[in-house]
Structure formats: structure tokens, C-alpha cells
Amino acid sequence: MIVVGAGIAGVACAGELARAGVPVQVRERGRVAGGRMASRRFDGRPADLGAAYLTADDPDFVEVVRRWQAAGLVREWTDTFVAYGPDGRREVPGPVRWAAPRGLRSLVEELARELPVTVDRFVSGVAPGPLVDGRPAAAVALCTPGPQAALLLDPALAGATRAAGRQRWSPVLAAVLRFPGRRWADFRGAFVNDHPVLALVCDDGDRRGDAAPVLVAHTTPEFAAGHLTQPGAAGPAIEEAVRDLLGLPDPAELVHVHRWTYARPVEPDPDGGFFLDDDLVGLAGDAFGRPRVQSAWRSGRDLGRELARRLT
């Protein structure tokens, strides 16, 4: 049994299979597990580059979050963001948002700790059988964005190909900005509405709990789409937009700009779940539900359970 993709959906899927006694291998084309729950260290300090936080209202996922909390991996961050728009700045209450002091990737790594995950392992094709790179597998779970899954699927796998092809995703650039000091008005995170560049800005020092003068800005899909070939070149425009939004006089050090070609499903399946065909080729991820960390986890878990039921 092969799981493609070591994001949270993939490791949740593989975890269910392993607990059911199904031999499973997870293959990840990147250098580390985590997927879009990505974090990276800069000068020894982690910054979240993908998902900005997680929320939990599914009872089973709440239990997972509580276990992470008991292990010191997550902490309650905030239940209030601010919103910037044409009418100015206002507070926006919401659910409790959880942050990870060591970066959200650490949570995926914890779930994958006892799983056979192989990184830097590129899968080139999935064919009827199912076959993965020409070798037979009991089943295949593609826990990646649909456009990436579609590139791997043999057209003869018509159901999976259609399911992957129906997914539409939007891009985002994420910029890490380090300032000389914390000069901005108090906020945890900010939704930015009707802006040509920015969609979200998070105080990463507050999110991390170390008070570092670091902000992480996420762009609009429209802005990102024009800079996918050279994301670094978009950095100065993002930095200028953040300083203008927050009224910051001092320039920031542009630490990193990360490109997410497939950042967010445009029209996620409102019914949630997963896809699985008679060839035992499945798809899971946050395109099957609201685009949240919880949705990706639940989709992977449910696909893993169904595969375990069919394989045992």
C-alpha cells in the first residue's frame, strides 16, 4: 500500500492503515514531511510558510490537538484577528487558533514519527492494477493537490482522473519579513480585504511566542499568479505593501519568499470525505471539505479507514 504525499492528509491516512496492520509506505517528493503545513528555519528560528494556524471543532481532531498540547507542540494563540479594508481596521472574533512554537511542520512530523516515510522520493506514475512506477501495490492514496495527482494518473484510471481534474486551486506567495523592532500596533493576525497585494499578515513573533520582530505576509492569488516564475522578485512589492498597511517607517529585511502554486482549493467539495475507485486508487486532502488543516486530516483519516476495511 502506497501513500503519495507526506502532508497531514497523507500521514493521517498512513497512520490508520498502519494501526489496522496494513503494510504501508509513504513517499514524499520533498526533502521533509509537512506539505503545506510548512515551516523553515531562518538563523535558527522557525517561521511558518504555509498554513498560518489551525482550528479544531471535530471531536476526534480536538483529541489530536489536545495530545499535541500535552506534548508541548501547540498552544492556544488567539481567537481574535483584525481586518483591514476600505472602512479601516476592525477586530474580528472567531474560533481559537492554535499555533506551534516549533512550526506547524513539527505536528506532521509527530504524526509520522513511527511511519515509514521516504522523502526525496518522486513518484512518476500510477496505472491500473494499481501500479506505482510500474510496480504492483495493494492500493494507492494520492494525498496531494488534485493538479499534482492528475499528472501521475494514467488516463485509464478514469474515475480518479476525473476527480483530480475537477479540483481548481489558487496560488499564493508567502514572504517572511524581519524588522528592526516591533513597531506595529498590537495584533496577532490580519485579514486584508480588497487589497491588490495582500490577503493575510501574521505576527510570527506573537504566533511563535518569542516576540521576534517577524511578520509573514500571504498575497492574493491574483498577485501571486503574476509572479510564479520569479517569486523572489515580488518581495520588494510585498514588503512595501506590508509597511504601508501597518504604517511602518523602517524597511524590513526580506528573508524569504515562498511560492505555493497550489495553495488553496478554489471550490472545495462541501460534502467533504475523499475519493476512492474500484481500482483502490484514492484521493484525499482539504479539497474534500473546507480548506482547513482539520479537513485535510479528517479526509486522510477517513480514506485510510476505508482502505483498511477493504484490505483486511
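Which strands does helix 8 lie across, and at about what angle does helix 8 run to strand 14? With the predicted model open, select helix 8 (235-246) together with the strands beneath your cursor as you turn the view: helix 8 lies across strand 5 (75-85), strand 12, strand 13, strand 14 (198-203), strand 15 and strand 16, and runs at about 70° to strand 14.

**The sheet**

Next, select the open sheet of 7 strands, whose order is 6-5-13-14-15-12-16 and whose pairing is mixed. Stepping from one strand to the next, you will find a twist that averages 20°. At the edges stand strand 6 (88-99) and strand 16, and because each has a single partner strand, one side of each is left without a neighbour in the sheet. Within the sheet, bring up strand 12 and strand 15 (residues 214-219), which pair in the antiparallel sense over 5 bridges. On this part of the tour, Ala174 can be shown with His218 of strand 15, since the view then displays two residues that stand opposite each other.

**Salt bridges**

The whole structure holds 25 salt bridges, and the next selections take up three of them in turn.

Begin with Asp48 and Arg207, whose side chains meet in a salt bridge with an N to O distance of 3.9 Å. This pair joins distant parts of the chain, given that Asp48 belongs to strand 4 (residues 45-48) and Arg207 to helix 6 (residues 204-208), 159 residues apart. Both Asp48 and Arg207 are buried. If you extend the selection to Arg45, Asp204, Arg208 and Asp210, you will have the members of a network of salt bridges that also includes Asp48 and Arg207.

Move then to Arg105 and Glu109, where the salt bridge has an N to O distance of 2.5 Å. These two residues lie 4 residues apart in helix 3 (residues 105-111), and they are therefore separated by about one helical turn. Are the two partners buried or exposed? Arg105, at 19% relative accessibility, counts as buried because the cut-off for that class is under 20%, whereas Glu109, at 35%, counts as partly exposed.

The third pair is Arg183 with Asp250, and here the closest N and O atoms are 2.5 Å apart. Again distant parts of the chain are linked: Arg183 is in the loop between strand 12 (169-178) and strand 13 (189-192), while Asp250 is in the loop between helix 8 (235-246) and strand 16 (253-265), 67 residues away. Arg183 counts as exposed at 54% relative accessibility, and Asp250 is partly exposed, with a relative accessible area of 24%.

**Arg121**

Select Arg121, which is found in the loop between strand 7 (117-118) and strand 8 (126-127), and which is partly exposed, at a relative accessible area of 33%. Which residues is Arg121 in contact with, once its neighbours within four places in sequence are left aside? They are Arg27, Glu28 and Arg29. Add Gly30 to the view as well, for its C-alpha atom is separated by 7.4 Å from that of Arg121, although the two residues are 91 residues apart along the chain.

**Ser295**

The last stop is Ser295, placed in helix 9 (residues 293-311). Ser295 is buried, with a relative accessible area of 7%. Leaving out residues up to four places away in sequence, Ser295 touches Gly285, Asp286, Gly289 and Arg290, so showing these four as sticks beside Ser295 completes the tour.

Definitions and conventions: Residues numbered from 1 in each chain as written. Predicted model: local features only at pLDDT ≥ 70, side-chain atom pairs only at ≥ 80, totals over all residues. Heavy atoms only, no water. Buried < 20%, exposed > 50% of the residue type's maximum accessible area, 1.4 Å probe, protein only. Contact = heavy atoms within 4.5 Å. Salt bridge = Lys/Arg side-chain N within 4 Å of Asp/Glu carboxyl O. Pairing = 2+ DSSP bridges. Axes fitted to C-alpha atoms, helices over the stretch in contact; angles between N-to-C directions.
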